[in-house]
Amino acid sequence: MEEELRFAYFSIVPARRSLKRDGANVALGSRAIDILLFLISTPGTLKTNDEIVKHVWPDTYVDEANLRVHLSALRKALGDTKSEPQFIANIPGRGYTFVGEVIRDRKNTQREPIRPPTPDDGGQKVFGRNQIIEGILEQLPKSRLFTITGPGGIGKSTVAKAVVSQLAGELEIIKVELSDIASGDLVPAAVASSLGLKYRSDNVLATICATLETRPVTIFLDGCEHLIDDVTDFVEAVLQRTSNTRFLATSREPLRASGERVHRLLPLDVPVSTVKLEEALASPAVQLFVQRADACLGGYQLTEMDVPIVIDICARLDGIALAIELAAGRLESMSILSLAASLHDCFRVLSRGRRTALPRHQTLRATLDWSYQLLAVDEQRGLNELSIFRGRFSISAAAAVLSDDTYDLVAALVAKSLVVAETSAFTQLYRLLDTTRIYAAEKLAQTHGVSPAMEKFGTYLLQLFDTSSARIYSQTTEEAVEEFGHIVLGLRACLDWALSTGGNKLLGARLTVAALPLFFKLSLYDECISAVTASIDYLNANPGIDEASRMKLYTAMGWPQIITAASPGRGVEAWNESADIAERLGDVDHQLRAIWGLWVDAINRAEPKTGLHLATRFAKLAISSPDPADIVIGNRIRGATLHWLGRHAESETYLETMLRDYQGLPSTGHVIRFQFDQRVTAQIILSRCKWFLGRQQEAMADVVSTLEYAQSVGHYASLTNALAEAACPLALMSGQDRLAAEYIALLKEHTKATMLDVWRTYAVCFEAELLRRQGDDRTALSQIQSGLQSLRNAGFNLFETMFITTEARALSGLGRNVEAMNVINTAMEKCAASGVAWWQPEMLRTKAEIQLKTSDLGEARSTLALAYEFAQSAGAIPLLKSVEDSVFACGLYEKQLSTRQNAS
């Protein structure tokens, strides 16, 4: 019994993992199928992003951007939209739910056994092609000419022989093997010989047609590609002169004859590397590998340990049946780990096929040699040039690289199964299978064509990013992935070439600058810093060659997101260098960016007095900026600075004014210029101000809205910033430990896959406070001290005062009160010099707690009085109440009561 799930005009049988629309198969990747099955299993139930990721990628970390990409593909396949979902609805910040009506139906059906091909194939099993064979059997009566196409080694002959074996009892089948025929003139003679006819050379076609008219025959022409024109002429002539004859052909390209139906054979399905043994053994590619390895070794069983290695081998060989067979055959002389490690030189390794196989199937290189030699000279050159692309590429990218007519060349290579065509939401995309790409790349290198092709590709990317930057600014991360995600692999390869010895380093530097919006939008900070560093090194060594690019690269070098916890001072140096160049060039925009960067550094170093000076400098220069938003952003910078100075009411006024004025301004890339969504960054500090001013519920509600907004616009740096600076600390300050734990887990999840190690360290420190509250002072102390050291090394002291209170209380909890007091006093001296005042009352309250433990009641009373004054001056109502609570709890009730009564 199999269960079938139906919704609208779609159906899916979970056991078969095949989605159909009105009975026709819908192309969908295995991960998208996993997501659909997970959501549809409990329709109407919300599945969080974390739940979906853990189900689809168990025990493996993937960024949520991967989830969004596969959900986008799934929605596309279902014809669904985000704005008006019929099937999959998104709840921003939470997850997804299947909203369509699902009908469950159990059918008494059994999966048909794999049909063996004809005996002359040596009893070779067919893996993963049952549905294709069934489909071809259904299609054959509808056309007198059916051609199975696909790249070399994909299994065309195997599938065709399996089809023929099913027809053998019903029809007369005549097989004609064409691979050994060198001349197209001999095609009619080969067919006549297979029919057992005697003929004269001048009337062979007439003899064949006369015979075929008297007996309904299906002629199986295997391996037509090298005789394609002559085979096509022969087939069309026979079809015109007979009424019952049918042809089944295999070829690496269609015959393009009248009335031809074509089935393009795709690679075998390869599962994700994280599947378990049982699921791996259900994969056709893995089944083929295991069967061939078993035959080669005289016994082989796939183990749980081998599963990811075998899947990696099959994936790197593009699911091509011949390549997988050849790879498994090498296990007689090497281990499976050695085999996987050696596949970078796949043509040397995959060189021992079956002795009975056709010569072109003896080795992987022979298979590709056969296809390559059948190409015209311009097609060979075009295939070589296309080998510079990693992953998918557009027709416009191909046009920039190819030396000959693009459309005809690409169409010809697609037809000959050397280029794969794929449909995207934005455009038609193409790709080379990795084995084909490696082969063609060798040919390109032999003709010294790599640098010219890469040069053209780099120029194309430069122009593309220059014209697309405004669109990238305005897109969500999901939209940018859909439109530009396919470029990333090619961009990476082009930069690797350009910035290496022998490349065009000036082009590489300029391309790095042009690609910054995409690097930032997709949070590709690791490769961004690598390219930026190499580009700056080149431009510094060649002064004056391109100062504008050098300025922009130093601007990127100062981004907070790419400053690691092991690079103290790098941001300040980068911003100062950028500011100097911008001033020399008269570039107001980059002067403002540099001042902003220096201001960020001052705030992160917990130096708000310096920050206020830089905020004033920014505001003065913003007056001369052509972008009216810069004045508004200046208000945000000033408002944030005032908050850290403990002037929360003033800060709130500036931020509310900023948000009101910013609302009506056009979006012109402020996220890229100032690294964060300006609404999110303003709302983060505004939420904090509301909390300190006594409106805690409103503040926490704002935090939720801010997180949802940051996620909805798809800007995950801003989302991470909101978690680090608002959600986590405010939840802790409110005593909502469970909520704090959730936010801390989210922060750690968002930062562990990238170089956002400063924010990740924040999460570690916030977590230490939770541990302390749970009574684990020893672990809390170790964790907070390690985190504080990392943050100090990187110059990120924004939350040092908050983290110091955790450290001091943990020390005190372990009876180390002298050390605790020294920690607090040192921190307070720094605050007096820097102007940090937002957490001053709580630090003083912590100090008083330690003094009480050491029976220093007089000093404790004085310290609490000072804490009270600080909290009252700042208008920090929650901190004021905490001080009062400490006064009453400790029995130090004197003039504070009268103050409280007067205030009430």
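Two strands are taken to pair if DSSP finds at least two bridges between them, and the views below are all drawn from a predicted model.

**View 1. Strand β2 and its antiparallel partner, β3.** Strand β2 (residues 10-13) and strand β3 (residues 18-21) run antiparallel and are joined by 4 bridges. Within this pairing, Ile12 stands opposite Leu19 of β3. Both faces of β2 are covered, since Phe10 and Ile12 on one side, and Ser11 and Val13 on the other, are all buried.

**View 2. An open sheet of 5 strands with parallel pairing.** The strands follow one another in the order β10-β11-β12-β9-β13, and the edge positions belong to β10 and β13 (260-264), each of which pairs on one side only. From one strand to the next, the twist averages 15°. Inside the sheet, β11 and strand β12 (residues 246-251) pair in the parallel sense over 5 bridges, and the bridge partner of Asp222 in β12 is Thr250. Helix α5 (residues 156-167) lies across β9 (145-149), β10, β11 and β12, and runs at about 155° to β12.

**View 3. The salt bridge between Glu172 and Arg215.** The side chains of Glu172 and Arg215 meet in a salt bridge, with an N to O distance of 2.4 Å. This pair links distant parts of the chain, 43 residues apart: Glu172 belongs to strand β10 (residues 172-177), whereas Arg215 sits in the loop between α7 (204-214) and β11 (217-222). Glu172 counts as partly exposed at 30% relative accessibility, and Arg215 also counts as partly exposed, at 23%.

**View 4. Salt bridges within helices α2 and α25.** In helix α2 (residues 49-56), Lys54 and Asp50 are 4 residues apart, which means that about one helical turn separates them, and their side chains meet in a salt bridge (3.1 Å, N to O). Lys54 is exposed, with a relative accessible area of 54%, while Asp50, at 35% relative accessibility, counts as partly exposed. In helix α25 (residues 547-557), Arg550 and Glu547 are 3 residues apart, and here too the separation is about one helical turn. The closest N and O atoms of the Arg550 and Glu547 salt bridge are 2.9 Å apart. Arg550 counts as buried, because its relative accessibility is 10% and the cut-off for a buried residue is under 20%. A search of the whole structure finds 34 salt bridges, and elsewhere Glu652, Lys690, Arg695, Glu698 and Asp702 are linked in a network of such bridges.

**View 5. The surroundings of Lys552 in helix α25.** Lys552 is partly exposed, with a relative accessible area of 33%. When its neighbours within four places in sequence are left aside, Lys552 is in contact with Val513, Leu516 and His590. Lys552 and His590 are 38 residues apart in sequence, yet the distance between their C-alpha atoms is 7.7 Å.

**View 6. The packing of helix α40 against helix α41.** The axes of helix α40 (residues 840-853) and helix α41 (residues 857-874) come within 8 Å and cross at roughly 170°; the two helices are therefore roughly antiparallel to each other, because angles over 145 degrees are counted in that way. On the α40 side the contact is made by Gln840, Pro841, Leu844, Arg845, Lys847, Ala848, Gln851 and Leu852. On the α41 side, the contributing residues are Leu857, Glu859, Ala860, Thr863, Leu864, Leu866, Ala867, Phe870 and Ala871. The residues of the contact of α40 with α41 divide into 11 nonpolar, 3 polar and 3 charged.

**View 7. Two loop residues with positive phi, Arg256 and Asp318.** Arg256, although it is not a glycine, has a positive phi of about 60°, and this residue is found in the loop between β12 and β13. Asp318, likewise not a glycine, has a positive phi of about 60° and lies in the loop between α11 (307-316) and α12 (321-329). As for accessibility, Arg256 is exposed, with a relative accessible area of 61%, whereas Asp318 is buried, with a relative accessible area of 12%.

Methods:
Residues are numbered from 1 along each chain as its sequence is written. This is a predicted model: local features need pLDDT of at least 70, side-chain atom pairs count only at pLDDT 80 or more; totals for chains, interfaces and linings use all residues. Side-chain values use heavy atoms; hydrogens and water are left out. A salt bridge is a side-chain nitrogen of Lys or Arg within 4 Å of a carboxyl oxygen of Asp or Glu. Buried means under 20% relative accessible area, exposed over 50%, partly exposed in between (1.4 Å probe, protein chains only). Contact means heavy atoms within 4.5 Å. Axes are lines fitted to C-alpha atoms, for helices over the stretch in contact, and angles run from 0 to 180 degrees between N-to-C directions. Angles under 35 degrees count as roughly parallel, over 145 as roughly antiparallel, 65 to 115 as roughly perpendicular and the rest as oblique. Ala, Val, Leu, Ile, Met, Phe, Trp, Tyr, Cys and Pro count as nonpolar, Asp, Glu, Lys and Arg as charged, and the others, Gly among them, as polar.
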